[in-house]
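Good morning, and thank you for joining this session. I shall take you through one model, beginning with a detail of its side chains and ending at the nucleic acid.

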Number of protein chains: 2
Amino acid sequence: MTRIVIAEDQGLLRGALASLLRMEDGIEIAGEASDGREAWNMIRRDPPDVLVTDIEMPGMTGLELAAAIKRDGLKVRVLIVTTWARPGYLRRALEAGVSGYLLKDTPAEALAAAIRAVAAGERVIAPDLAAMAWEEADPLSDTERRLLRLAEAGLDSPAIADATGLARGTVRNYLHEAISKLGASNRIEAARLARAKGWL
Amino acid sequence: MTRIVIAEDQGLLRGALASLLRMEDGIEIAGEASDGREAWNMIRRDPPDVLVTDIEMPGMTGLELAAAIKRDGLKVRVLIVTTWARPGYLRRALEAGVSGYLLKDTPAEALAAAIRAVAAGERVIAPDLAAMAWEEADPLSDTERRLLRLAEAGLDSPAIADATGLARGTVRNYLHEAISKLGASNRIEAARLARAKGWL
DNA sequence: CGAAGCGGGTGACAGCTGTCATGCACGGGC
DNA sequence: GCCCGTGCATGACAGCTGTCACCCGCTTCG
């Protein structure tokens, strides 16, 4: 019997997945969590065989969960199920030692099979994404990433300078760096590109 | 027996919802569609009692589906199920004559109940949203909306002028209007605010 | 008819943005 | 000890942005 915990903040999907998986032989739902922290408490108290988790959740993200599990040496395999086909997410997931990464637009039948494969020690990566993992690494420095996030939110250079304690000119230098690294022609486009790759 | 069609582009959710609803008495799944156009063909060929649909889908959005159903006078009640708690979306949905609007983070058990209520001619609105429907209407003109979308994509004023055939100064005038209508301090913030409200 | 409103436009100005050259301190490597 | 990379900064300049005042042609309506 493979014991699983489902962590997913969308109630409808969480409930529907639970009812889908309850019909599968050999899979037992040990718990359902609606945010990352709840999932972490559940896992620490009674580690399941497999954690099926979303990435973007309140409290703790799925990637943070995977990292915490690895850090504490828990014997829980992690299967990420997310909307986002972003190379940056996949890369971080693999670095955090996850066993599987599926997209939410794969057919529902594939989920139980993926859970069984992961439980058996195999690695399951969404086919469209397997190739992307080795594509371009994140070229942004931490400072560039931080400033780009603020620019994305609509702050102008002086406001960003105030918010970060940097000089105005320095802010523009960092954004310039980010823009040219990303091949964009202004900060808006740069932020869009970086977000699409999962680097923000 | 209530016959329903499910239109939802995320395969996992679509499949899981189908399996959830298949266990309900009195509900029969007449079809599943993975994009708006497929759903429309399905509905026209053989109208179900209720259409359960996402909003953002390739081909045709759920709002367009609802409008098309209303235009052709089909006797299909529409239940929107979406991630987005945006007043603009809810308003447009109500104008298109939908019978229900649920968020994807409502508990799964509520879905079957909502479908039955809608089939019985009742109207079901997610409680958090009911109040928002009468909040601020979209203040943007069509031109403002169009230019804001281009600005959001990272085009600067000259590029937007080229793309729309307007003069550069005019582009700035429209964006200025949009910025001040929305109480933003630049085009980036304006685009973010408008998108958050569902006006873009 | 005339006034008002609307879509589209111009010109001007202060301030922001993108680009580049250049400077300086500091912490490694050799 | 010297050299280089890195992080942060400055100054300058062309071009873009936000704001405002004002113009024109075309409905629309009293």
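**A charge over a ring**

In chain A, Arg86(A) lies over the face of Trp84(A), with a distance of 4.3 Å from the ring centre. Please bear in mind throughout that this is a predicted model. The corresponding arrangement appears in chain B, where Arg86(B) sits over the face of Trp84(B), again at 4.3 Å from the ring centre. What of pairs of aromatic rings? Such a pair is described by the distance of the centres and the angle of the planes. Over all chains the count of aromatic pairs is zero.

**Chain A in outline**

Let me now give the overall frame. Chain A contains 10 helices and six strands. Its C-alpha trace spans about 60 × 35 × 30 Å along the principal axes. How many of the 200 residues of chain A are buried, as a percentage? The value is 50%. Turning to contacts in chain A with a separation of 6 or more, residues 24 or more positions apart account for 63% of them.

**Two helices of chain B**

I continue with helix α4 of chain B, which covers residues 87-95. Its buried residues are Pro87(B), Gly88(B), Tyr89(B), Leu90(B) and Ala93(B). Against which elements do the buried residues of α4(B) pack? They pack against α3 (62-71), β5 (100-103), β6 (124-125), α6 (127-130) and α10, each of chain B. Just after α4(B), Gly97(B) has a positive phi of about 80 degrees.

The second helix is α7 of chain B, residues 142-152. Here the buried residues are Glu144(B), Arg145(B), Leu147(B), Leu148(B), Ala151(B) and Glu152(B). As a general point, an α-helix has 3.6 residues a turn, so residues three or four places apart point the same way. The packing of the buried residues of α7(B) involves both chains: α10 (187-197) of chain A on one hand, and α8, α9 and α10 (187-197) of chain B on the other. Just after α7(B), Gly154(B) takes a positive phi of about 105 degrees.

**One residue between the chains**

That brings me to Arg192(A), which is located in helix α10 of chain A. Which residues does Arg192(A) touch, not counting those up to four places away in sequence? They are Glu152(B), Ala153(B) and Gly154(B). Two of these have already been mentioned: Glu152(B) as a buried residue of α7(B), and Gly154(B) for its positive phi. Within its own chain, the C-alpha atom of Arg192(A) is 8.1 Å from that of Glu152(A), a residue 40 places away along the chain. Is Arg192(A) buried or exposed? Its relative accessible area is 46%, and because buried means under 20% and exposed over 50%, Arg192(A) counts as partly exposed.

**DNA strand C**

I turn now to the DNA. Around DNA strand C there are 17 residues, of which Ser157(A), Arg172(A), His176(A), Arg187(A) and Tyr174(B) come nearest. Of the strand C atoms within 4 Å of the protein, 62% belong to sugar or phosphate, and the rest belong to bases.

Three polar contacts may be described here. A side-chain N or O atom of Tyr174(B) is 2.7 Å from a phosphate oxygen of DNA strand C. For Thr170(B), a side-chain N or O atom is 3.1 Å from a phosphate oxygen of this strand. Asn173(B), by contrast, places a polar side-chain atom 3.0 Å from a base oxygen of DNA strand C. The elements that give two or more residues to this surface are α8 (157-164) and α9 of chain A, with α9 of chain B. The most is given by α9(B), with five residues. By class, the surface near DNA strand C has five nonpolar, eight polar and four charged residues.

**DNA strand D**

Finally, DNA strand D has 17 residues around it, and those that come nearest are Tyr174(A), Ser157(B), Arg172(B), His176(B) and Arg187(B). Sugar and phosphate make up 63% of the strand D atoms that come within 4 Å of the protein.

Which side chains approach its phosphate oxygens? Arg187(B) has a polar side-chain atom 2.6 Å from one, and His176(B) has a side-chain N or O atom 2.8 Å from one. Towards a base oxygen of DNA strand D, a polar side-chain atom of Asn173(A) lies at 2.9 Å. The most residues on this surface come from α9(A), which gives five. Thank you for your attention.

Key
Residues are numbered from 1 along each chain as its sequence is written. Chains are lettered from A and ligands numbered from 1 in the order in which they are written. This is a predicted model: local features need pLDDT of at least 70, side-chain atom pairs count only at pLDDT 80 or more; totals for chains, interfaces and linings use all residues. Side-chain values use heavy atoms; hydrogens and water are left out. A residue is near a molecule or strand if one of its heavy atoms lies within 4 Å of it. A polar contact is a pair of N or O atoms within 3.5 Å; within protein, one must be able to donate a hydrogen and the other to accept it, and residues adjacent in sequence count only if both atoms are side-chain atoms. Helices (H or I, at least four residues) and strands (E, at least two) are DSSP runs, numbered from the N terminus. Rings of Phe, Tyr and Trp (its six-membered ring) pair if their centres lie within 6.5 Å; planes under 30 degrees apart count as stacked, over 60 as edge-to-face and the rest as tilted. A charge sits over a ring if NZ of Lys or CZ of Arg is within 6 Å of the ring centre and within 35 degrees of the ring normal. Buried means under 20% relative accessible area, exposed over 50%, partly exposed in between (1.4 Å probe, protein chains only). Contact means heavy atoms within 4.5 Å. Ala, Val, Leu, Ile, Met, Phe, Trp, Tyr, Cys and Pro count as nonpolar, Asp, Glu, Lys and Arg as charged, and the others, Gly among them, as polar.
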